[in-house]
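Here are some notes for a colleague who is opening this structure for the first time. Please read them with the model on screen.

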Amino acid sequence: MKVLLAVLAVGLASLHAKAESPVSTVTPAMTATAHQLLDLARQGNQGYELVRSLTTEVGPRLAGTEAEARARYWAVEKLQALGLQNVHVEPFQVPVWLRGVELAEIVSPFPQSLTIAALGGSSSTGEQGLEAEVVVFNSLSALQQAPRMQVEGKIVFIDEVMARSRDGSGYGSAVQKRRETAYVSQKMGAVAALIRSVGTSSHRFAHAGQMRQANTGGDLGVPTAALAAPDADQLTRALGYGKPVTVKLVITPQLLPRAVSGNVIGEIVGREAPQEIVLVGAHLDSWDLGTGAVDDGAGIGVVLGAAKLIIDQLPQGPRRTIRVVLFGAEEVGTVGAKAYALEHSAELPDHIIATESDFGAGDIWRFDSRINEQKVLQLAAIAKVLEPLGIASGNNTARGGPDLKYLREAGVPIVSLLQDGQDYFDFHHTADDTFDKIAPHALDQNVAAYAVFLYLVAETTADFRETTQDLTNIN
Ligand SMILES: [Zn+2]
């Protein structure tokens, strides 16, 4: 009888342990510490000042340029000053594309200039430029379906409007024309291409952005630029008169030999499980037109602000290592992300979870994940602590930031702290992406959320990986 009772007790205990496991992800002591971090972050923190410092002292920082190198020096100095450990740069090579002259004008029937920005990776028209009749399409697929004779010898113009949304979901489809138009137009015999900017602003700023990288040895695509939205409207109105519209285009970007870029890394080394890594990222490079404040100075400020809070305010560091990765060369095709995944491939199985801040400076409103379905409840216990910040639980199909692509594909669990992106694509990749667009209180909320999330996920013993056979639960 005694034995039976003992067995029964063990059985009950293990049942109880299983039922309790989601809650035990976060102990009452951890919750108390998290609330302290949250209150401190909301009182104001260094995130905002860090964005000010980066965007003022470095300014624009195009991948592979001297300016991006200065951003790395800035980052190394800041990471060390904030008290991170193992601070270092992991260099890699990146193709360098530099903007040149850019002029566009309607020559006839209504002569006037147009506001443009050459797309990253675009070929040059030469200094003399070129002049041709414009043919308009309302989407990339409409161009693809057009007969070649309609396009040959002309300047292709794609006037497709991007939808505004809180989660930025309009970007995915809109960005296809930025990636492909130069190549599709070339195949169809066009001489150049213009696209309506991939953005939501009605102001007279053209949105830059990378085309798909040309295939090695492949065609470079025709010279291609983005029109500011009001200029796209104007060109469409001019075409509406039913007469041929001729445009002159001069863009002289240069494609230079590969140069050095790099990821800047620093850690809060874990006190008990230093080999277990919680990765938090943002990207250091920016487009050249603005000062890269919302994209992605804000992310740099959020991530470093959160690291500083954890270092300064916790009596002891968390169990696991928090690794801060400031990626280089994101804008030109997530080159730094790929370099990181290659450099750390052996370590990826020890990456407990990864997250990135790269969606501007709006409030965080939702917590999405991409983890083992069986572990969703464990993560929910962490998400619950973020509720006072106005952050709701979302779904388990997060994609994470762009720099997490290779980690996600390698099976690293991902969390997205989704920001309100209603106005993100008003400024994204434009000359108007400057420090004044950042609201300090929103940045404070972001820092609070990241600090709390990073602390809890680095302090818990919970694991979130997809496993075919979870041997740890067998007992
Ligand atoms: Zn970005």
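The points below go from the domains to the cores, then to one strand and one helix.

1. Status and domains. The model is a predicted one. The protein is divided into two parts, and domain 1 is written as two segments, 25-97 and 258-467. Domain 2 covers 100-252. Between the C-alpha centres of domain 1 and domain 2 the distance is 34 Å. Their contact draws on 20 residues from domain 1 and 24 residues from domain 2.

2. The largest nonpolar core. This core holds 101 residues. Leu326, Ile353 and Phe453 are the residues with the most contacts inside it. Helix H14, residues 440-459, gives the most to the core, namely 13 residues. Where does this core lie with respect to domain 1 and domain 2? Both domains give residues to the core, so it lies between them.

3. A second core. Apart from the largest core lies another, made of 32 residues. Its members include Ala104, Ala118, Ala208 and Ala225.

4. Surroundings of Leu326. Leaving aside residues up to four places away in sequence, Leu326 touches Ala75 and Leu79, and also Gly262, Asn263 and Val264. Further contacts of Leu326 are Ala282, Leu284, Ile300, Val303 and Leu304.

5. Strand E11. This strand spans residues 273-283, and 9 of its 11 residues are buried, so E11 is largely enclosed by the rest of the structure. Buried here stands for under 20% relative accessible area.

6. Partners of E11. Which strands pair with E11? One of them is strand E12 (residues 320-327), which runs parallel to E11 and is joined to it by 8 bridges. Within this pairing, Gly281 is opposite Val325 of E12. From E11 the chain passes through helix H9 (residues 293-313) to reach E12, a β-α-β crossover that is right-handed. Strand E13 (residues 351-356) also pairs with E11 in the parallel sense, over 5 bridges. There, Leu279 has Ala354 in E13 as its bridge partner.

7. Helix H14. Is this helix buried or exposed? Of the 20 residues of H14, 18 are buried, so the helix is largely enclosed by the rest of the structure. From its first C-alpha to its last, H14 reaches 28 Å, close to the 28 Å expected at 1.5 Å a residue.

8. What to look at again. H14 is worth viewing together with the largest core, to which it gives 13 residues. Domain 1 and domain 2 can then be viewed on either side, because both give residues to that core and it lies between them.

Definitions and conventions. Residues are numbered from 1 along each chain as its sequence is written. This is a predicted model: local features need pLDDT of at least 70, side-chain atom pairs count only at pLDDT 80 or more; totals for chains, interfaces and linings use all residues. Side-chain values use heavy atoms; hydrogens and water are left out. A nonpolar core is a set of buried Ala, Val, Leu, Ile, Met, Phe, Trp, Tyr and Cys residues joined through side-chain atoms within 4.5 Å. Buried means under 20% relative accessible area, exposed over 50%, partly exposed in between (1.4 Å probe, protein chains only). Helices (H or I, at least four residues) and strands (E, at least two) are DSSP runs, numbered from the N terminus. Domain bounds come from an automatic or database domain assignment. Contact means heavy atoms within 4.5 Å. Two strands pair if DSSP finds at least two bridges between them. A crossover is right-handed if, with the strands pointing away from the viewer, the path from the first strand over the helix to the second runs clockwise. The expected span of a helix is 1.5 Å times one less than its number of residues.
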